Amino acid sequence: MNTGVRSTDRIALLPVEEHQRRQRRADSTCPQLWDALDSVKDPEIPVISIWELGVLQDVELREGAVIVTITPTYSGCPAMGVMAEDVVIALREAGYSNTEVVTRLAPAWSTSWIMDEAQEALREYGIAPPGRSCAGEHAEICCPQCGSSNVHSVSEFGSTACKALYKCDDCSEPFDRFKPI
Ligand SMILES: [Zn+2]
């Protein structure tokens, strides 16, 4: 399982909160619990786990209880309640029936916490990632279908409030872009 820690060069470029988050997993005394939670995906984007999304902050084992700390993405994102339920279910399936999910609001989640693998998975899923989505171009947003930078914004709100709707002027396909925050 990927623990997210690969090279110190890469880590140095990460936001400090994201560096610390990866360190908590790398140093954890209960790695099996983190691994069990890799099965919990964002219900809106089923190709990305809550770990890759930067939502899963900490997992601790205290007197037989599992304490899971998560930081919501966008405030009011309805997916968060589902994620918390899925955390409880995943740990129950791993043999831990006593789970408490704690929500940590500060520091606020940022799209810069989304891991590189997940940015790529987003693109393959048909959603333009929040970072630069163009390969070898100066443009910021490119069509996830054909890679063209010839795109225009249709609406600030796409299929969910977390995403904006764009349309590609080359392949004519509409697509969502994960809004950077
Ligand atoms: Zn296109």
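A residue is called buried here if 20 or more other C-beta atoms lie within 10 Å of its own, exposed if 12 or fewer do, and partly exposed in between, with C-beta atoms placed from the backbone. The structure is a predicted model, in which local features need pLDDT of at least 70 and side-chain atom pairs count only at pLDDT 80 or more, while totals for chains, interfaces and linings use all residues. Residues are numbered from 1 along each chain as its sequence is written.

## Overall build

The protein has 5 helices and 9 strands, where helices (H or I, at least four residues) and strands (E, at least two) are DSSP runs numbered from the N terminus. Along the sequence these elements follow the pattern α-α-α-β-β-β-β-α-β-α-β-β-β-β. For 181 residues a compact globule would have a radius of gyration near 16 Å, and the 17 Å of the protein agrees with this; the radius is taken over C-alpha atoms, and the globule rule is 2.2 Å times the number of residues to the power 0.38. Along the principal axes, the C-alpha atoms fill a box of roughly 55 × 35 × 25 Å. Of the 181 residues, 31% count as buried. Two residues are in contact if their C-beta atoms, placed from the backbone, lie within 7 Å, and among the contacts with a separation of 6 or more, 49% come from residues 24 or more positions apart.

## Helix α2

Helix α2, residues 16-27, has 12 residues and reaches 16 Å from its first C-alpha to its last, close to the 16 Å expected at 1.5 Å a residue; the expected span is 1.5 Å times one less than the number of residues. Within α2, Arg21, Arg22 and Arg25 are buried. They lie on the same side of α2, because they cover an arc of only 95 degrees around the axis, the arc being that of the directions from the helix axis to the C-beta atoms. On the other side of α2, Val16, Gln20, Ala26 and Asp27 are exposed. The cover over the buried residues of α2 includes α3 (31-37) and β3.

## The sheet of β3, β4 and β5

Strands of a sheet pair through backbone hydrogen bonds, either parallel or antiparallel; two strands count as paired if DSSP finds at least two bridges between them. An open sheet of 3 strands has the order β3-β4-β5 and mixed pairing. Its edge strands are β3 (56-62) and β5 (99-103), each of which pairs on one side only. Neighbouring strands of this sheet are turned by 20 degrees against each other on average, direction ignored, where axes are lines fitted to C-alpha atoms, for helices over the stretch in contact, and angles run from 0 to 180 degrees between N-to-C directions. Strand β4, residues 65-70, pairs with β5 in the parallel sense over 5 bridges, and Ile67 has Glu100 in β5 as its bridge partner. Helix α4, residues 79-93, packs on this sheet and touches β4 and β5, its direction making about 150 degrees with that of β5.

## Strand β9 and its partners

Strand β9 is largely enclosed by the rest of the structure, because 4 of its 5 residues are buried. Strand β6, residues 127-128, runs parallel to β9 and is joined to it by 2 bridges, with Ile127 opposite Asp176 in β9. By contrast, β8 and β9 pair in the antiparallel sense over 5 bridges, and here Lys167 stands opposite Pro174 in β9. The hairpin of β8 and β9 has 5 residues between the strands.

## Individual residues

Two residues that are not glycine have a positive phi, as the table shows.

| Residue | Phi | Place | C-beta neighbours within 10 Å |
|---|---|---|---|
| Glu63 | near 50 degrees | loop between β3 and β4 | 6, exposed |
| Ser172 | about 70 degrees | loop between β8 (163-168) and β9 (174-178) | 10, exposed |

The peptide bond from Ala106 to Pro107 is cis, with omega near 0 degrees, and Pro107 is found in the loop between β5 and α5 (116-125).

Lys41 belongs to strand β1, residues 41-42, and is partly exposed, with 19 other C-beta atoms within 10 Å. Not counting residues up to four places away in sequence, Lys41 touches Pro46, Ile48 and Ser49. Lys41 and Val82 are 41 residues apart in sequence and 9.8 Å apart in space, C-alpha to C-alpha.
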